[in-house]
Amino acid sequence: MDWGMMLAAALGIGPALALMFWTLKDYTYPVVERPYFDDRKLFLMLAVGMVIGVAVFVVQSYFNMGYLLFALLFAVLEELIKMVLLNMPRFARKLDTSFYGFALGLGIGSTMAFGSVFYTMQQSDGLSPLAWLAMFILALQMVLLHASTGAMIGTGSARGEVWGYFAQAGLVHIGFNLLMAVPLNVDNDIAAWAGVLLATLLVAYYYLQVHRYLLPSVVRDALTAMKRAKA
């Protein structure tokens, strides 16, 4: 049994599942009588995201992500993948697409986090407690970033405002990659941890905006549409 792989999976997939439960618990049974999303589609998008996350991580491993050009290109590419999938006919202009975008992002973030942690473990003879802390933070960052941008792009698809929401998600991802390029390019520990801290605050803030404001606004839109349909 490969305990390293299991630990990496726990650090990647564990936070994703916990975040999914925490974020979506108020939008499904038993809190509400009629869930705002289809569980089958939700878990399908989570699985699709996991596959995409593996593919993206494998491709990224061939590039030096400390190089700013690659950091920018992959930020745009990853959000573009989400936009293409979430604007397919089965998702476009449908209010529950925000939730499926969230699940898609969770899947991508979880397996990219798993890959990053496992790769680091394989390349090192042993990790210090500080290095383990950095690995946990990186895994959490990946999950928060991709889940939030996925929800944002899904909302753009649902509201028919694709490019505006895509641009916002892309800018957040670019900002995150630029901040995380700091520890990859500097030898100063203070500067490196400052970059990690700022990147963590960025994705945490963005997730809170999704959790507190974006998804509730999507639900209000859905309720308004239902009232209009009955009128």
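**Close-up 1. The salt bridge between R159 and D221 in the predicted model.** A residue is called partly exposed when its relative accessible area falls between the under 20% that defines buried and the over 50% that defines exposed. R159, at 22% relative accessibility, therefore counts as partly exposed, and D221 is placed in the partly exposed class by its value of 30%. The two side chains meet in a salt bridge with an N to O distance of 3.0 Å. This pair links distant parts of the chain, since R159 belongs to helix α5 and D221 to helix α7, with their positions 62 residues apart in sequence.

**Close-up 2. Salt bridges of D26 with K25 and of D38 with R40.** The structure holds four salt bridges in total, and two of them are shown in this view. In one, D26 pairs with K25, and the closest N and O atoms are 3.5 Å apart; D26 has a relative accessible area of 38% and is partly exposed, as is K25 at 25%. In the other, D38 pairs with R40, with 3.1 Å between the closest N and O atoms. Here D38 is partly exposed, with a relative accessible area of 23%, whereas R40 is exposed, with a value of 67%.

**Close-up 3. The nonpolar core and the surroundings of L42.** The largest nonpolar core of the model has 56 residues, and those with the most contacts inside it are L19, L24, L42, F99, F102 and L106. The elements that contribute two or more residues to this core are α1 (3–24), α2, α3, α4 (97–123), α5, α6 (162–185) and α7 (189–230). When neighbours within four places in sequence are left aside, L42 is in contact with M20, L24, F37, F99, Y100 and A103. Of these partners, L24 and F99 are also named among the core residues with the most contacts.

**Close-up 4. The buried residue Q141 in helix α5.** Q141 lies in helix α5, which spans residues 129–159, and its relative accessible area of 1% makes this residue buried. The side chain of Q141 reaches the backbone oxygen of V196 at a distance of 3.3 Å. Apart from neighbours within four places in sequence, the residues in contact with Q141 are F176, M180, V196, A199, T200 and V203, so that V196 appears both in this contact list and as the partner of the side chain, contact here meaning heavy atoms within 4.5 Å.

**Close-up 5. The buried residue S110 in helix α4.** S110 is found in helix α4 and, at 0% relative accessibility, counts as buried. If residues up to four places away in sequence are not counted, S110 touches G12, I13, A16, M50 and V143.

**Close-up 6. A nonpolar surface patch that includes F63.** V54, V58, V59, Y62 and F63 together make a nonpolar patch of about 480 Å² on the surface. Of these residues, F63 is found in the loop between α2 (39–60) and α3 (68–86). F63 has a relative accessibility of 36% and therefore counts as partly exposed, a value that also satisfies the requirement of over 30% relative accessible area for residues that make up a patch.

Terms used:
Residues numbered from 1 in each chain as written. Predicted model: local features only at pLDDT ≥ 70, side-chain atom pairs only at ≥ 80, totals over all residues. Heavy atoms only, no water. Patch = residues over 30% accessible without salt bridge, like charges linked within 9 Å, V, L, I, M, F, W, Y side chains within 5 Å. Areas by Shrake-Rupley, 256 points an atom, 1.4 Å probe, with all protein chains shown as cover. Helix = DSSP H or I, 4+ residues; strand = E, 2+ residues; numbered from the N terminus. Buried < 20%, exposed > 50% of the residue type's maximum accessible area, 1.4 Å probe, protein only. Polar contact = N/O pair within 3.5 Å; in protein donor to acceptor, adjacent residues only side chain to side chain. Core = buried A, V, L, I, M, F, W, Y, C linked by side-chain atoms within 4.5 Å.
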